[in-house]
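Subject: Structure handover

Hello,

Here is the structure for you to look through. Please open it first, then read the notes below.

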Amino acid sequence: MSFTGSTGDVLQQVNQFVSMLDDLCENDPEAYHKFIEKQMKEGAEYSAPPELHSCMCTDVLEPRKGLLYINICSWKRVPACQDPSKPLPVFAGKLETDTDEGQGWYAVLDVALNASVLQESKRDKTEMNQVYLLALSLAQQQHGFRLSHQYTVISHSPKSSLDDLYHRLGFQQRPNTAKQPETVCQTPAALLQQISSLRSEKQDKDLAAQIIPRPAEHKKKGLIQVISTTFEQPQKPEFQLEVKTDTAGVPRIVELTVELPKVCSMSECQLRISKDDVLLEMEDVYYLLLEFPKTVNEDTAVAIFNKKKRKLTLKVDIL
């Protein structure tokens, strides 16, 4: 149930729909209640949260070595594939990275598919293997990773509580109500409002749960169709990385300059530096992870942001 067109057209469609419900309620109460129950059920299913299905782990070879954990999730909000010859709708959440003292750098990515796809794949190991390979392919396409061809299915991955999953996938739980109102006692207009609330894709400005198909990426039978949320995938900004030498030609400083036209202040960004690499991130806007050409002393790092040119300059001494 959806209404499209200009504001006037939509209002006219809504009024016509409410009038139709009024007539149905008066002339065929049984059909009216069946219709309402069906709409309410579909709305509740659409609002259901993603569920963790399985976890996998593989080695990241480039741009830096580490581990990639992928959580495979089922989510009724992701469309089911209606035609096997067409791309499979796949939804990827935000990439989260961290460093652990024991295992070093790692990243976590959540990939969601319609529950029916995972139910079918569960009955066939070959099909499930295809799902894992598609998840690896998606990670490489969207984040520029070069990954190992080998992976391991694991029992759990780091940073993968339900709250973590919901946050990265852009899902917000609706507050629970003590009791759902009885549909029998409501007017068609009130029921329409309740159904629309359940099915709404834009509950508020911060709800990043709308899914919009974009051009498909193909692998084998065109099995991947990437689904995006209202937030965009961060882009890689233009940069220049140089090693500066002294008069004797000895490498002394690593200098990184980054063009950031969408940044007004460095308080909007996160900048992390280690002796081996640098990470610059502005949520949903920019993501830049680079390995230094030389090992550096991170304690000597100096970063200056030119507000007029929207350019960041980072200098750090070489060890």
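How many bridges join β12 to β13? Six bridges join them, and the two strands run antiparallel. Two strands count as paired if DSSP finds at least two bridges between them. Helices (H or I, at least four residues) and strands (E, at least two) are DSSP runs, numbered from the N terminus.

Before you go on, note that this is a predicted model: local features need pLDDT of at least 70, side-chain atom pairs count only at pLDDT 80 or more, and totals for chains, interfaces and linings use all residues. Residues are numbered from 1 along each chain as its sequence is written, and side-chain values use heavy atoms, with hydrogens and water left out.

**The chain as a whole**

The protein chain has six helices and 15 strands. It has 319 residues, and 38% of them count as buried. Buried means under 20% relative accessible area, exposed means over 50%, and partly exposed lies in between (1.4 Å probe, protein chains only). The chain exposes about 18,500 Å². Carbon and sulfur atoms supply 49% of that area. Accessible areas come from the Shrake-Rupley method with a 1.4 Å probe; for residues, only the protein chains shown count as cover. Now take contacts between residues at least 6 apart in sequence: 59% of them join residues at least 24 apart. A contact means heavy atoms within 4.5 Å.

**Around β12**

Start with β12 (277-282). Five of its six residues are buried, so the strand is mostly covered by the cut-off above. On one side in sequence, β11 (270-273) is joined to β12 by four bridges, and these two strands run antiparallel. A hairpin of three residues links β11 to β12. Find I273: its bridge partner in β12 is V278.

Next comes β13 (286-291). β12 and β13 also form a hairpin, with three residues between them. D284 sits in that turn and has a positive phi of about 70°. Across the pair, L280 stands opposite L288 in β13.

**The largest pocket**

Rolling a probe the size of a water molecule over the atoms shows where empty space is left. The search uses a 1 Å grid over the protein atoms alone. A cavity is a set of points where a 1.4 Å probe fits but cannot get out. A pocket is an open set with protein on both sides within 12 Å along at least five of seven lines. Lining residues have an atom within 4 Å of a point. Grid points are joined across faces, edges and corners, and a volume is the space filled by probe spheres set on the points.

The largest pocket has a volume of about 730 Å³. Its lining holds 29 residues, and L95, P234, E281, Y286 and Y287 lie nearest its centre. The elements that give two or more residues to this lining are β4 (96-100), α4 (125-143), α5 (162-169), β11, β12 and β13. β13 gives the largest share, five residues. What kinds of residue make up the lining? Twelve are nonpolar, eight polar and nine charged. Here Ala, Val, Leu, Ile, Met, Phe, Trp, Tyr, Cys and Pro count as nonpolar, Asp, Glu, Lys and Arg as charged, and the others, Gly among them, as polar.

**A cavity**

The structure holds two cavities of 30 Å³ or more. The second largest has about 30 Å³ of space. V90, V111, L113, V131, L134 and A135 line it. β5 (104-113) and α4 each give two or more residues to this lining. α4 gives the most, with three. All six lining residues are nonpolar.

**α5 and the loops**

In α5, L165, Y166, R168 and L169 are buried. Their cover includes β1, β2, β3 (89-92), β4 and β5. After α5 comes G170, with a positive phi near 75°.

K159 lies in the loop between β6 (146-154) and α5. Its phi is positive, near 55°, though K159 is not a glycine. K159 is partly exposed, at 28% relative accessible area.

R310 is found in the loop between β14 (302-306) and β15 (311-317). R310 is not a glycine, yet its phi is positive, about 55°. Its relative accessible area is 27%, so R310 is partly exposed.

Last, look at P63, in the loop between β1 (51-62) and β2 (66-74). The peptide bond from E62 to P63 is cis, with omega near 5°.

Best wishes
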